[in-house]
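Biologist: Hey, I've just been handed a structure I've never seen before. Could you walk me through it?

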Amino acid sequence: MLMNGFDEGVLPLLGFAMLALAVVAFVFALLAREDAYRAADKQTKTFWLVILGITVVVDFFLGMLFLQIAGLVATIVFFVDVRPALKQVSGGGRRSGGSSSDGPYGPYNGGR
């Protein structure tokens, strides 16, 4: 009974979450400039679009758990490694112009 509820409740939600994450990663990879990938010394834009596109297709149509997990790993690598490097190269860091000692409510002055 517990396994039946897991198969009908939790697994579809996990599949939907993996699909949503892969779609968001694909869109971010699509919007980044090609030269930013080279400047960040990462794989090409085409490589990431193919990998993330296959991940979206597998998550949406096939539903094979092993391939979904492999796609999830690729998506996590994109979010953790590639996207921050692309943002750094593209100048997508802090937009407020503050210093590194600024807190969420303004500059940190050390209790003075």
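Modeller: Sure, we can start with the overall layout and then go through some single residues and a pair of helices. Keep in mind that this is a predicted model.

Biologist: Okay, how many helices and strands are there in the chain?

Modeller: The chain has four helices and two strands.

Biologist: And in what order do the elements run from the N terminus?

Modeller: The order is α-α-α-α-β-β.

Biologist: What share of the residues is buried?

Modeller: The chain has 112 residues, and 25% of them are buried.

Biologist: What about the accessible surface of the chain?

Modeller: That comes to about 8000 Å², and carbon and sulfur atoms hold 68% of it.

Biologist: How much of the contacts comes from residues 24 or more positions apart?

Modeller: Taking contacts with a separation of 6 or more, 61% of them are between residues 24 or more positions apart.

Biologist: Let's zoom in, then. Where does Ala32 sit?

Modeller: Ala32 is in the loop that links helix H1 (2-31) to helix H2 (34-39).

Biologist: Buried or exposed, that Ala32?

Modeller: Buried: the relative accessible area of Ala32 is 16%, and the cut-off for buried is under 20%.

Biologist: Which residues does Ala32 touch?

Modeller: Leaving out residues up to four places away in sequence, Ala32 touches Tyr37, Lys45 and Leu86. Leu86 is 54 residues from Ala32 along the chain, yet their C-alpha atoms are separated by 7.4 Å.

Biologist: What else has a C-alpha distance to Leu86 worked out?

Modeller: Arg38 does, at 9.3 Å from C-alpha to C-alpha, with their positions 48 residues apart in sequence. Arg38 belongs to helix H2. Unlike buried Ala32, Arg38 is exposed, with a relative accessible area of 57%.

Biologist: Back to H1 for a sec. What's Leu30 in contact with?

Modeller: Leu30, which is in helix H1, is in contact with Lys45 and Leu49 once neighbours within four places in sequence are set aside. Lys45 is also touched by Ala32. Another pair to look at is Leu30 and Trp48: they are 18 residues apart in sequence, with 8.8 Å between their C-alpha atoms.

Biologist: Buried or exposed, Leu30?

Modeller: In between: Leu30 has a relative accessible area of 43%, so it counts as partly exposed.

Biologist: New topic. What's up with phi of Asp41?

Modeller: Phi of Asp41 is near 60 degrees, which is a positive value in a residue other than glycine. Asp41 is in the loop between H2 and H3. With 69% relative accessibility, Asp41 counts as exposed.

Biologist: Now the helix pair. How do people describe two packed helices?

Modeller: By the angle between the two axes and the distance between them.

Biologist: Then what are the angle and distance for H3 and H4?

Modeller: The axes of H3 (residues 45-62) and H4 come within 9 Å, and they cross at roughly 140 degrees. That makes H3 oblique to H4, because roughly antiparallel would need an angle over 145. The crossing is left-handed.

Biologist: Which residues meet there?

Modeller: From H3 you have Trp48, Ile51, Leu52, Thr55, Val58 and Asp59. From H4 you have Leu67, Gln68, Gly71, Ala74, Thr75, Val77, Phe78 and Val82. Sorted by class, that contact has nine nonpolar residues, four polar and one charged.

Biologist: Pick one from the H4 side. Where is Gln68, and what does Gln68 touch?

Modeller: Gln68 is in helix H4, which covers residues 65-90. Not counting residues up to four places away in sequence, Gln68 touches Met18, Val58, Asp59 and Gly63. Gln68 is buried, with 8% relative accessible area.

Biologist: And one from the H3 side. How accessible is Ile51?

Modeller: Ile51, in helix H3, has 27% relative accessibility and so counts as partly exposed. The C-alpha atoms of Ile51 and Ala22 are 9.9 Å apart, while along the chain the two are 29 residues apart.

Biologist: Great, that gives me a way in. Thanks!

Terms used: Residues numbered from 1 in each chain as written. Predicted model: local features only at pLDDT ≥ 70, side-chain atom pairs only at ≥ 80, totals over all residues. Heavy atoms only, no water. Buried < 20%, exposed > 50% of the residue type's maximum accessible area, 1.4 Å probe, protein only. Contact = heavy atoms within 4.5 Å. Areas by Shrake-Rupley, 256 points an atom, 1.4 Å probe, with all protein chains shown as cover. Axes fitted to C-alpha atoms, helices over the stretch in contact; angles between N-to-C directions. Parallel < 35°, antiparallel > 145°, perpendicular 65-115°, else oblique. Left-handed = near helix turned anticlockwise from the far one by under 90°. Nonpolar A, V, L, I, M, F, W, Y, C, P; charged D, E, K, R; others polar.
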